[in-house]
Amino acid sequence: MAIKLSAGAIVVSISLSLAFFVGHGQPVLADGGSGKKHDDVADTVKKEVAKAMKKNRRIGAALVRLLFHDCWVHGCDGSVLLDKTPDGGSTEKDAANNIGLEGFDLIDMIKGKLGESVSCADIVVLAARDATYILSRGNIAYHVTTGRKDGVRSSAAAADAVLPPSTFNFTQLKANFAARNFTQTELVVLSGAHAVGVAHLSSFRDRLDNATATPISVRYQNALRDHVEDKTTATVPDPTEMNNIRDMELAFRNASGYNATGVDTSKAARGVLDNSYYHANLQNKVLFRSDWELRNDTTGAAGRDMREFRDNAARWYVLFGNAMAKLSEVPAEGTRFEIRKDCRTTN
Ligand code: HEM
Ligand SMILES: *[C@@H]1O[C@H](CO)[C@@H](O)[C@H](O)[C@H]1NC(C)=O
Ligand SMILES: *[C@@H]1O[C@H](CO)[C@@H](O)[C@H](O)[C@H]1NC(C)=O
Ligand SMILES: *[C@@H]1O[C@H](CO)[C@@H](O)[C@H](O)[C@H]1NC(C)=O
Ligand SMILES: *[C@@H]1O[C@H](CO)[C@@H](O)[C@H](O)[C@H]1NC(C)=O
Ligand SMILES: *[C@@H]1O[C@H](CO)[C@@H](O)[C@H](O)[C@H]1NC(C)=O
Ligand SMILES: *[C@@H]1O[C@H](CO)[C@@H](O)[C@H](O)[C@H]1NC(C)=O
């Protein structure tokens with residue numbers, strides 16, 4: 001365990017061993033004079049995330065996405081959580097690319113337990129780490145630090161300027177990740193998060209219309225169109241579908257011609273974060289254009305990565321954990337920071 005003292009902040013690398021719910025006998029440090037111990041903080045987040053996911057497993061996917069959407073927009077600073085800022089105006093939550101973002105109530109609840117000495121940014125990072133561990137049935141574990149401060153800026157325009165929309169082509173995706181110092185392989189690795197969660201029709205409608213669609217399995221396209229049309233009503237004009245064809249009912253998978261060889265389709269594996277995204281993508285049975293675009297790398301390197309991750313789950317687990325850890329450490333940009341009392345507003 002690395003302990004680094006810097007500029008008044010105590011940064012502790014919290015070890016998340018496979019003995020997840022067992023104390024790990026590390027030295028504990030007080031944080032910010034509150035009397036709260038860092039291990040206690042990590043344990044509290046862990047416990048609350050586990051409890052929330054037991055009640056509603058969906059929340060896990062939301063927490064994983066929340067990390068990406070917080071850290072991509074001027075670093076991991078909790079800015080995605082703000083409902084309002086001192087200068088008014090719309091916040092990141094209003095961004096088009098933040099459609100469907102969830103998990104805010106759970107972050108608030110955890111913040112309520114941890115109090116004023118723990119930043120909202122740290123809670124997002126810890127919660128995503130714990131959600132990843134649980135969603136992956138313990139296969140993805142990684143280390144994160146704590147000691148982040150919360151930012152005071154948040155705007156919808158800033159979020160839409162840097163978060164990738166589902167319509168990006170391969171060149172745009174690669175450039176978007178490079179702007180954050182993430183490699184092409186890390187783009188392919190992190191896109192595997194789309195093994196879990198849901199998406200709104202508006203995020204993949206382009207794929208259903210032959211006039212705008214990037215290549216997509218015709219059987220999958222037809223099954224998806226039928227499925228989503230059945231759910232679209234005046235009161236639900238923008239319904240959601242599961243990101244992963246694995247999580248669709250058997251009749252849908254059959255109709256789509258899904259080849260489940262190598263994929264755990266047991267009931268217990270529904271909603272699990274594993275490498276099944278690559279099985280789906282290499283069969284052209286994924287929702288977003290941005291997913292399909294990974295097949296469209298003219299150098300062939302992204303395709304090679306995808307075949308490797310499809311065939312070697314253990315390799316992907318390691319790389320995904322590394323990339324999530326890296327994402328968790330994207331430094332906050334800005335000049336004014338605080339530890340928010342309430343994650344939804346600045347102090
Ligand atoms: C590479 C560029 C990416 C694009 C274009 C993209 C786009 C999207 C879109 C459009 C949705 C559905 C939103 C909705 O309609 O409700 C979504 C969902 C999701 N994304 Fe991504 N994403 C990208 C990368 C990532 C990364 C890096 C992660 C995390 C490591 C991630 C994790 C998720 C998760 C977990 C969901 C499901 C959320 C839920 O069920 O609440 N995505 N993404
Ligand atoms: C990707 O999209 C951008 C912006 O629309 C466009 O300029 C570029 O030509 C596209 N790249 C490819 C390879 O299609
Ligand atoms: C991706 O596919 C489209 C056709 O669907 C093509 O126009 C484009 O050049 C391809 N390459 C890249 C790198 O986006
Ligand atoms: C960029 O990412 C690499 C690993 O992918 C890392 O070693 C390096 O420190 C990063 N550089 C910056 C400036 O963040
Ligand atoms: C879309 O195109 C495919 C062939 O590429 C065709 O089989 C399918 O019927 C078309 N769907 C519609 C709704 O026109
Ligand atoms: C799906 O296909 C399998 C194998 O082809 C078959 O045994 C099963 O009855 C089908 N189920 C449904 C609901 O279509
Ligand atoms: C399904 O995929 C496996 C390899 O992933 C392949 O060996 C098998 O032939 C495929 N089955 C069909 C029916 O395409």
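A polar contact is a pair of N or O atoms within 3.5 Å; within protein, one must be able to donate a hydrogen and the other to accept it, and residues adjacent in sequence count only if both atoms are side-chain atoms. You're looking at a predicted model, where local features need pLDDT of at least 70 and side-chain atom pairs count only at pLDDT 80 or more, while totals for chains, interfaces and linings use all residues. Residues are numbered from 1 along each chain as written, chains are lettered from A and ligands numbered from 1 in the order written, and side-chain values use heavy atoms, with hydrogens and water left out.

**Ligand 4 and its neighbours.** Here ligand 4 has N181, E186 and K326 around it (each with a heavy atom within 4 Å). Two of these residues make polar contacts with ligand 4. In the N181 contact, a polar side-chain atom sits 2.5 Å from an oxygen atom of ligand 4. K326 does something similar: an N or O atom of its side chain is 2.6 Å from an oxygen atom of the ligand. On its own, ligand 4 would expose 360 Å², and the protein buries 27% of that (Shrake-Rupley method, 1.4 Å probe; for residues, only the protein chains shown count as cover).

**Ligand 5, beside N210.** Look around ligand 5 and you'll find N210, V218 and R225. An N or O atom in the side chain of N210 comes to 2.3 Å from an oxygen atom of this ligand. Of the 360 Å² of accessible area that ligand 5 has by itself, 37% is covered by the protein.

**Ligand 6, beside N254.** The residues around ligand 6 are L250, A251 and N254. N254 uses its side chain here, with an N or O atom 2.3 Å from an oxygen atom of the ligand. Alone, ligand 6 has 360 Å² of accessible area, and the protein covers 29% of it.

**The iron of ligand 1.** What does the protein offer the iron atom as a donor? There is a single one, the NE2 atom of H194, 2.1 Å away. Donors are N, O and S atoms within 2.8 Å of the metal (3.2 Å for Na, K and Ca), and water is not among the atoms, so sites may look incomplete. H194 belongs to the loop between α7 (184-191) and β4 (198-200) (helices are DSSP runs of H or I, at least four residues, and strands are E runs of at least two, numbered from the N terminus).

**N243, in touch with H194.** N243 lies in the loop between β5 (240-242) and α9 (250-256). Its relative accessibility is 8%, so it counts as buried (under 20%; exposed is over 50%, partly exposed in between; 1.4 Å probe, protein chains only). Skip the neighbours within four places in sequence, and N243 is in contact (heavy atoms within 4.5 Å) with H194, V196, G197, V198, A199, L287 and F288. Check V196 too: the side chain of N243 reaches its backbone oxygen at 2.9 Å.

**Helix α6 and what covers it.** Which residues of α6 (170-178) are buried? They are F170, L173, N176 and F177. Viewed down the axis of α6, these buried residues fall within an arc of 125° (taken from the directions from the helix axis to the C-beta atoms), so they line one face of the helix. Their cover includes α2 (58-71), α5 (156-162), α7, α11 (289-293) and α12 (301-311). At the start of α6, you can also spot a side-chain oxygen of N169 reaching to within 3.2 Å of the backbone nitrogen of T171.

**D122 in helix α4.** D122 is part of α4, which covers residues 120-135. Is D122 buried or exposed? It counts as buried, because its relative accessibility is 5%. Apart from residues up to four places away in sequence, D122 touches T145, T146, G147 and R148. With G147 there is a polar contact: the backbone nitrogen of G147 is 2.7 Å from a polar atom in the side chain of D122. Now find K111, which is eleven residues from D122 in sequence and 10.0 Å away in space, C-alpha to C-alpha.

**T345, after β6.** T345 sits in the segment after β6 (337-338). With a relative accessible area of 19%, T345 is buried. Leaving out neighbours within four places in sequence, its contacts are L82, K84 and R340.

**Zooming back out.** The protein has 13 helices and six strands. It has 347 residues, and 54% of them count as buried. Among contacts between residues at least 6 apart in sequence, 74% join residues at least 24 apart. About 14800 Å² of the protein is exposed, with carbon and sulfur atoms supplying 53% of that.
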